[in-house]
Amino acid sequence: MFEKVALIGIGLIGSSLSHVMKREGLTKSIAVSSRSAETLKRAEELGLGNAYSLNAADAVKGADLVIVCTPVGACEQVAKTIAPNLQAGAIVTDVGSVKSSVIAQMQPHLPDSVHLVPGHPIAGTEYSGPDSGFAALFENRWCVLTPDKATDKAATAKLKLFWENCGSHVEIMDAHHHDLVLAITSHLPHLIAYNIVGTANELETDTRSEVIKFSASGFCDFTRIAASDPTMWRDVFIHNKDAVLEILGRFSEDLSSLQRAIRRGDGDYLFDLFSRTRDIRRSIIEIGQDVEAPNFGRDETEE
Ligand code: NAP
């Protein structure tokens, strides 16, 4: 599909893209750029590209697709750095978990001759760095593209096909709507997980050891999410502030209702809510976004 793809940032998402592009033969060559010499060296050892550079501006020379795979807070600096060396007609995209902020950070610095088509693969793990990537990461997952009305239709169509070749289903969406939807489906759950694990960490040493010991009772699932990359998630909350605060307001109201129901012994309220939430889990399994196996399909013998 492409002559040369430049991956700016080579962590979980960048390295997964490298693996899947090679498996599917989506480009003739891959140029990899990372901020630190250490990560770049590791990417080279893993054979993730054909050329390696600490300077993102060098990596994008002659690329017809540039994919920015850094934390969202770095996008403005990356756009400024790569802008002078972008090839006319190139598609510039990203994989950031927030879209309005990325557009505001990048668009003003890019030349009119390139096509910015922002993207977000809704796929990930709690691991980061170039070793954590794998080709199947995007398989059967959604990828959201958020072009605006002025974006070149052919560029959007080509990027859509690229993600479909990576195994994803693609949805085109307005950036603001994306940020609101992701605030509830991804950002709020992470905030809750960080908060629960943080609260446990604040408890007395004795209690904390019991928290770890009895973690399988529910706490454990939150610790997986709360182990996610601190830089990435700091940037997500800072760059999706409005949507997160709006959803957090709604969440706090609903939490107060639950608190009241427990205080009043309103079992019907609790039972009704817990039945509706169970239906949501069933719908997620029905559309193939998770498996029906108990305990998320973990092998019980490993516990
Ligand atoms: P990652 O594994 O931590 O890798 C980040 C990469 O960006 C590394 O190459 C790192 O370089 C580079 N980088 C970090 N800070 C930078 C800066 N200030 N300037 C330039 N480069 C910088 O991250 P990831 O999980 O792949 O996430 C990358 C993007 O994908 C984020 O925007 C995130 O929102 C989005 N995303 C993540 C997930 C997920 O589950 N992880 C899912 C969907 C989308 P060095 O290592 O050399 O410092």
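Here are legends for a few views of this protein, which is a predicted model.

**View 1. The whole chain, with its 12 helices and 9 strands.** Along the principal axes, the C-alpha atoms take up a box of roughly 65 × 40 × 35 Å. The radius of gyration is 21 Å, which agrees with the value near 19 Å that a compact globule of 303 residues would have. Look at the contacts with a separation of 6 or more, and 73% of them join residues 24 or more positions apart.

**View 2. The surface and its charges.** About 16,500 Å² of the protein is accessible, and carbon and sulfur atoms own 54% of that. As for what's tucked away, 40% of the 303 residues count as buried. There are 29 positive and 41 negative side chains, and the centres of these two sets sit 2 Å apart.

**View 3. Phe 2 meets Phe 162.** The structure holds 4 aromatic pairs. In one of them, Phe 2 and Phe 162 pack edge-to-face, 6.0 Å centre to centre with 75° between the planes. Phe 2 belongs to strand E1 (residues 2–8) and Phe 162 to helix H6 (residues 153–165), so this pair ties together parts 160 residues apart in sequence. Phe 2 counts as buried at 3% relative accessibility, and Phe 162 counts as buried at 0%.

**View 4. Phe 162 again, now with Trp 163.** Here the ring centres of Phe 162 and Trp 163 are 5.8 Å apart and the planes stand at 80°, so this pair is edge-to-face. Trp 163 has 1% relative accessibility and counts as buried. Zoom out a little and there's one aromatic cluster, made of Phe 2, Phe 138, Phe 162 and Trp 163.

Definitions and conventions: Residues are numbered from 1 along each chain as its sequence is written. This is a predicted model: local features need pLDDT of at least 70, side-chain atom pairs count only at pLDDT 80 or more; totals for chains, interfaces and linings use all residues. Side-chain values use heavy atoms; hydrogens and water are left out. Helices (H or I, at least four residues) and strands (E, at least two) are DSSP runs, numbered from the N terminus. The radius of gyration is taken over C-alpha atoms; the globule rule is 2.2 Å times the number of residues to the power 0.38. Buried means under 20% relative accessible area, exposed over 50%, partly exposed in between (1.4 Å probe, protein chains only). Contact means heavy atoms within 4.5 Å. Accessible areas come from the Shrake-Rupley method with a 1.4 Å probe; for residues, only the protein chains shown count as cover. Lys and Arg count as positive and Asp and Glu as negative; His and the chain ends are not counted. The place of a charge is taken as NZ of Lys, CZ of Arg, CG of Asp or CD of Glu. Rings of Phe, Tyr and Trp (its six-membered ring) pair if their centres lie within 6.5 Å; planes under 30 degrees apart count as stacked, over 60 as edge-to-face and the rest as tilted.
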